[in-house]
Amino acid sequence: MNRVLGIRRHPLKSAAAEHVREAFVGKHGLDGDRTWTCLDADGTIGSAKQPRLWGGLLAVSAAFDPASGDVRIAAPGRSPAPAGSPEADAAVSDVLGRPVHLTRTAPQQLKRHHWWPDEPGMIPDWAADVEPGGDDLVNVRSSAADGRFFDYGALHLVTTGALARLGAEHGSTVDATRFRPNLILDLPGDPRPGQRITIGPDLVVQVSVPTPRCVIPSLAHGDAPADRGLLKTLAAHHRVDVPAFGRATCFGFYADILAVGTVSTGDRATVAD
């Protein structure tokens, strides 16, 4: 209890998580996290938030080399290839069924497709005018100084306590992979916004807001099959106030990085006001 249970990064946005035992967390987040994205022919970037177009990315894996900064892409049935190479583009295009290319340079107008679930409660207050079950183009937050492709926060965390409660509400265990966190903390529950968490000897983060959820937790993730009913459970039990934004169905939380440092599995996590 009160320790780091898992560390995960996503070198390619919306691709499967890379599980690591140690990583450096800088001011822009986990080293190597979300440094690459797919770019479609119309200039939109790839996100499994629109599963019809991009859900196949969850079957693609990406591995970051901290020494060189290189990322290697592995698609089912293909040999790993360096991100940015024609071979990597071809492999991901084959998975998605249309031509795409990988980039670490943000387009001038950074947009992505977003499919809005039609389960009641899954649309946040700030998107109340969208059509349930409809598609939309939304702006994407990018940390241009470090070439990152974040939808909002640079560091996303979940806790074992919150996962256990969700499992009880849902009637079955819910894999943390569905929520695509950077850190899984073995804590009895989520800290409140404003609380600080010291992780290991150096890393200090401050909880900012709970993480609004989209369709992604209900999709298939590796060995975890699709589970559309999970959205209903989330909406029934986890619709909360997001400070300065309104109410939304949330799980996990974003955190701001106050002091950088290396984090390892097993490191102690201490919560304080």
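Strands β10 (111–115), β11 (135–139), β17 (203–212) and β19 each supply at least two residues of the lining of the largest pocket. The model is a predicted one, in which local features need pLDDT of at least 70, side-chain atom pairs count only at pLDDT 80 or more, and totals for chains, interfaces and linings use all residues. Residues are numbered from 1 along each chain as its sequence is written, and side-chain values use heavy atoms, with hydrogens and water left out.

**The largest pocket**

The largest pocket has a volume of about 810 Å³. Of the 41 residues that line the pocket, K49, R112, D151, P212 and Y254 are the closest to its centre. Strand β17 gives the most to this lining, with four residues. Sorted by class, the lining holds 23 nonpolar, nine polar and nine charged residues.

Some terms need their cut-offs here. A pocket is an open set of points on a 1 Å grid over the protein atoms alone, where a 1.4 Å probe fits and protein lies on both sides within 12 Å along at least five of seven lines; lining residues have an atom within 4 Å of a point. Grid points are joined across faces, edges and corners, and the volume is the space filled by probe spheres set on the points. Nonpolar covers Ala, Val, Leu, Ile, Met, Phe, Trp, Tyr, Cys and Pro, charged covers Asp, Glu, Lys and Arg, and the others, Gly among them, are polar. Strands are DSSP runs of E, at least two residues long, numbered from the N terminus.

**Aromatic residues**

A search of the whole structure finds four aromatic pairs. One of them joins Y152 and Y254, whose rings are tilted, at 5.2 Å centre to centre and 50 degrees between the planes. Y152 lies in the loop between β13 (148–149) and β14 (156–159) and Y254 in strand β19, so the pair ties together parts that are 102 residues apart in sequence. Y152 is partly exposed at 32% relative accessibility, whereas Y254 is buried at 13%. Together with W126 and F245, these two tyrosines form one aromatic cluster. Elsewhere, R98 lies over the face of W54, at 4.5 Å from the ring centre.

Rings of Phe, Tyr and Trp (its six-membered ring) pair if their centres lie within 6.5 Å; planes under 30 degrees apart count as stacked, over 60 as edge-to-face and the rest as tilted. A charge sits over a ring if NZ of Lys or CZ of Arg is within 6 Å of the ring centre and within 35 degrees of the ring normal. Buried means under 20% relative accessible area, exposed over 50%, and partly exposed in between (1.4 Å probe, protein chains only).

**Two open sheets**

Strands pair if DSSP finds at least two bridges between them. One open sheet has three strands in the order β6-β7-β8, with antiparallel pairing. Strands β6 and β8 stand at the edges, each with a single partner strand, so one side of each is left without a neighbour in the sheet. In the middle strand, β7 (residues 71–74), V71 and I73 make up the covered face, and R72 and A74 the uncovered one. In a regular strand the side chains alternate between the two faces of the sheet.

The second open sheet also has three strands with antiparallel pairing, in the order β4-β3-β20. Its edge strands are β4 (29–30) and β20 (261–264), each of which pairs on one side only.

The table lists three antiparallel strand pairs.

| Strand pair | Bridges | Opposite residues |
|---|---|---|
| β6 (residues 61–64) and β7 | four bridges | F64 and V71 |
| β7 and β8 (residues 81–82) | two bridges | I73 and A81 |
| β3 (residues 22–26) and β20 | four bridges | E22 and S264 |

In β8, P82 is the bridge partner of R72.

**Turns and positive phi values**

β6 and β7 form a hairpin with six residues between them, and G69 in the turn has a positive phi of about 80 degrees. The hairpin of β7 and β8 also has six residues between the strands, and there G77 takes a positive phi near 80 degrees.

Most residues other than glycine have a negative phi. Which residue has a positive phi of about 75 degrees although it is not a glycine? The residue is A244, in the loop between β18 (239–242) and β19 (246–259). A244 is exposed, with a relative accessible area of 86%. N2 has a positive phi too, near 60 degrees. N2 belongs to the segment before β1 (3–9) and is partly exposed, with a relative accessible area of 24%.
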